[in-house]
Amino acid sequence: MKPQDILFLLILLTILWKRNPIYAVIVALLCLIISMPLFQLWVFYTAERLVMYGAGFLLLAMVLFYFEKKDK
Amino acid sequence: MQCFNKMNNKVVKITSALLFISLILIVFRSWFLPGIIIAVDFDYLWNYDFFTLNMYAWNTLSGKGFGTYFVPYMWAYPIQSIPINFWGVFLGLPWEVVQRLTFFYPFLILATISSGYLFKSLFPDIKIFYFAPLIFLFNTYILNVTGGGQMIIAMAYALTPFTLGIFMKVASSEKPNLYLTILAGLILGIQFLLDIRIGYIITFAICLFLLSTLIHVKTTVGIFVKKLIFALGIPLVLVLLLHAFWLLPSIFVQQNAIGALGSIYSSKEAVLFFSFAKFENSIALLHPNWPENVFGKVSFMRPEFLLLPLLAFASLFFISKRSYRERQYILYFALLGLIGAFLAKGANDPFGHVYLYLFDNVPGFVMFRDPTKWYTLVALSYSILIPYTVWNVYNRLKVLRIPPSSKFSFIHQSKIFNIQNFFILLISSLLIFLIRPAIVGELNGTLRQHTVPNEYISLQKFLEQQPGFFRTLWMPTIQKYAYATNQHPAISAQDLFEKYDQKALTANLNNQNAEKMLQESGIKYIIVPYDSEGEIFLQDRRYSEEVYTSFLEMVRSITWLSESKDFGKIKVFSIENPKEHFWSNAENLSLSYKRISPVEYELAVKGAKKEDLVVFSENFDSNWVLETNGSQIQSKAYKDTFNSFPLPKDGNYSAKVFYTPQVWVNIGIIVSVISLISIIGVLIYFRK
């Protein structure tokens, strides 16, 4: 497991603990924003990983929105 | 004030419409200018033999030019055959006009109206619905599909928002609505007629929406089952009835169409090969071959395209305090986009083995050796999410508090030149900037003007005036402007011999057995084409005169071939004594035949002896039978390739050769037509 993956899991667990879907969306979009200059600089591995993490956080956000609705 | 607002809205609407139409005229200009539209997947048609109004279980022009069982592909033909026959055969319009009226203009109209309809039906209060067609019609996926000439897929893509919109209406209805349900069935039937793969994808999207209705806390199992029946069950039954013309023969004839195509279509290796898009491409709605659209040539990731998912998924910021319905729609389309992006990357990371598992195990998934079809879901999703985001940001900017004394207060005081309008302009400019190769005319295929070379017009006249049946063998392969009819099918040498190296191809022909094989196949001419489009004689993906010249010399070196004619760079070589469509080696036998249709021929036999073999030079299929005086003789393989019939008796008599699956096609056509008439009748009745 790479350091990026560990960081991803830590942030994921933090957001799960907070249970706020907006945080997940913010982190997801930040991942996409940060990946853009990395693609431009040909730092492909990290850039691709960031896009995957972004998608993961988006999925988490949707799940949290779903449970938020159910609770309401 | 109200008056001004109304006028402002009208001005905005008219301006937006004019800008949108201008963009269509600029990007698709070759469709509105004189000239031929052709591409890799969009051939030039000299005649309409391929698109008959009647449906036949056998197609003479397919199967590498030797005919094939055509039922598994029949679903695609009614929707093309009807307009082509109307414009081309009935009205006698040339192909240049017929192709535009059948494919290109309907695509533009359908994609625009369909995507606008979906957005308007979901968010009727959002005024910038024109953003939906802007994203749906001007993204790299559909520009590459239309540029490459895959117009049937493009038409199917264009209909998807409308299909999804109708089904969402049905699924969201509090009470079952039979009118909407039947309409949904009819639209889905048309969706499947356009392209069965896109129909499969949209059915998946419909099922996903039905599942998402479970989010509603009031949905019980009973209500869900009722929704399932009205929103999916009944429409699917209607689709099956409408498609009976090819489903019935498929069930009763039981030929494995996918298997017959070979492992290139059905193996895991094919999926691995065709998985060109990476996850960052698919989530950014960036086609991996953009903009050159050359098969296999994948470009580097263009990071500016990541602004699309940024805009799309930013919509999730705005749903917290919205109505249940609005939240449901945004969450559904966000999930749809994410799933579409995941599937469109095929076997690539992350979790590429999931796609391979689906390919091997899920019924119907074997149709998706090319995963890019799943971009349809991403385009659908972003055409809803991005306008939603833009509208919400627009409204937030509108109510932004700026003190009147501030030097920036002008950005609120102006009715037109204000920050929110500037934001709309910025986003529109960004979306147009992303597709700049299309604006400046860098795209190829259908998005570029072409003219038919005079050489091919001369060749067409030369071949057309020759009576009788014969085939032409194109070496190394058939060119875009190749002339082909039911009487003179064209064959690609590469496909026939399954050799793609030019030396190996010509070596294959350099023996006496090859001459006999081609004679028995009814091939009268070997043609080396003029590569006017630069697609055949390539070196490093570019046309090479050297490659053409060296190949021509290799063909000329075939000892038993003689060059008989040339039309500029088109070289024609004659083969002596090619056989007819029906022939026999029995010297006593005299054969004549008449073609009734691709599935029926009448034979007149003179001087026959029992067991004389009649060869029918179409691909072998045991469903061909010869019938005479009550006896039916099933076809036997001739040299593992063609059909043959041992004659049942001596003498002179007539016989009929026909393809038995046609019986099921005829029954299926009756079922489909009755179903269609009934559906339309019921819809009219309910409408009243």
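Visitor: Which ring does R436(B) lie over?

Guide: In this predicted model, R436(B) sits over the face of F433(B), at 4.1 Å from the ring centre.

Visitor: Nice. And what does K649(B) lie over?

Guide: K649(B) lies over the face of Y653(B), at 5.0 Å from the ring centre.

Visitor: Back to R436(B): which side chain does it meet in a salt bridge?

Guide: That would be E304(B), with 3.5 Å from N to O. R436(B) belongs to helix α22 (residues 436-439) of chain B and E304(B) to the loop between α15 and α16 of chain B, so the bridge ties together parts that are 132 residues apart in sequence.

Visitor: Are those two buried or exposed, or partly exposed?

Guide: R436(B) is partly exposed, since its relative accessible area is 31%. E304(B) counts as buried because its relative accessibility is 18%, and the cut-off for buried is under 20%.

Visitor: How many salt bridges are there over all chains?

Guide: The count comes to 15 over all chains. One of them joins E48(A) and K278(B), with the closest N and O atoms 3.2 Å apart. That pair crosses between chains: E48(A) is in helix α3 of chain A, and K278(B) is in the loop between α14 (268-274) and α15 (279-283) of chain B.

Visitor: How accessible are E48(A) and K278(B)?

Guide: E48(A) is at 17% relative accessibility and counts as buried, while K278(B) is at 39% and counts as partly exposed.

Visitor: How many salt bridges does the rule find across the interface of chain A and chain B?

Guide: Just one. There are also two residue pairs in polar contact between chain A and chain B, counting pairs with both residues at pLDDT 80 or more. On the chain A side, α2 (21-40) and α3 (44-71) each supply at least two residues that touch chain B. Of the elements there, α3(A) gives the most, with 13 residues.

Visitor: What area do the two chains bury between them, and how many residues take part?

Guide: Chain A and chain B bury about 2,500 Å² between them, and 81% of that is on carbon and sulfur atoms. The contact takes 25 residues from chain A and 28 residues from chain B.

Visitor: What is chain A made of, in secondary structure terms?

Guide: Three helices and zero strands, running α-α-α from the N terminus on. The C-alpha trace of chain A spans about 45 × 20 × 10 Å along its principal axes. Chain A has 72 residues, of which 43% count as buried. Among its contacts between residues at least 6 apart in sequence, 64% join residues at least 24 apart.

Visitor: Switching to chain B, what does K569(B) form a salt bridge with?

Guide: Its partner is E545(B), and the closest N and O atoms are 2.6 Å apart. The bridge links distant parts of the chain: K569(B) is in the loop between β8 (562-567) and β9 (570-574) of chain B, and E545(B) is in helix α27 (residues 545-556) of chain B, 24 residues apart. Both count as partly exposed, K569(B) with a relative accessible area of 26% and E545(B) at 37%. Elsewhere, E553(B), R556(B) and E563(B) are joined into one network by salt bridges that share partners.

Visitor: On to rings. How many aromatic pairs are there over all chains?

Guide: The count is 72 over all chains. In one of them, the rings of F70(B) and Y73(B) have centres 5.6 Å apart and planes at 55°, so the pair is tilted. F70(B) counts as buried at 6% relative accessibility, and Y73(B) as partly exposed at 26%.

Visitor: And how do F616(B) and W624(B) pair?

Guide: They are edge-to-face, at 4.9 Å centre to centre with 80° between the planes. F616(B) is buried with a relative accessible area of 0%, and W624(B) is buried at 0% too.

Visitor: Which rings are linked into a cluster?

Guide: Ring pairs link ten residues you can pick out in the viewer: F20(B), F28(B), W31(B), F42(B), Y48(B), W95(B), F103(B), F104(B), F107(B) and F138(B).

Visitor: Last one: where does S315(B) lie?

Guide: S315(B) is in the loop between α16 (307-313) and α17 (324-344) of chain B, and it is buried, with a relative accessible area of 0%. A polar atom of the S315(B) side chain lies 2.5 Å from the backbone oxygen of A312(B). Not counting residues up to four places away in sequence, S315(B) touches I330(B), L385(B), Y388(B) and T389(B).

How values were computed. Residues are numbered from 1 along each chain as its sequence is written. Chains are lettered from A and ligands numbered from 1 in the order in which they are written. This is a predicted model: local features need pLDDT of at least 70, side-chain atom pairs count only at pLDDT 80 or more; totals for chains, interfaces and linings use all residues. Side-chain values use heavy atoms; hydrogens and water are left out. Rings of Phe, Tyr and Trp (its six-membered ring) pair if their centres lie within 6.5 Å; planes under 30 degrees apart count as stacked, over 60 as edge-to-face and the rest as tilted. Buried means under 20% relative accessible area, exposed over 50%, partly exposed in between (1.4 Å probe, protein chains only). A charge sits over a ring if NZ of Lys or CZ of Arg is within 6 Å of the ring centre and within 35 degrees of the ring normal. Contact means heavy atoms within 4.5 Å. Buried area is the accessible area (1.4 Å probe) that two parts lose on being put together, summed over both. A salt bridge is a side-chain nitrogen of Lys or Arg within 4 Å of a carboxyl oxygen of Asp or Glu. A polar contact is a pair of N or O atoms within 3.5 Å; within protein, one must be able to donate a hydrogen and the other to accept it, and residues adjacent in sequence count only if both atoms are side-chain atoms. Helices (H or I, at least four residues) and strands (E, at least two) are DSSP runs, numbered from the N terminus.
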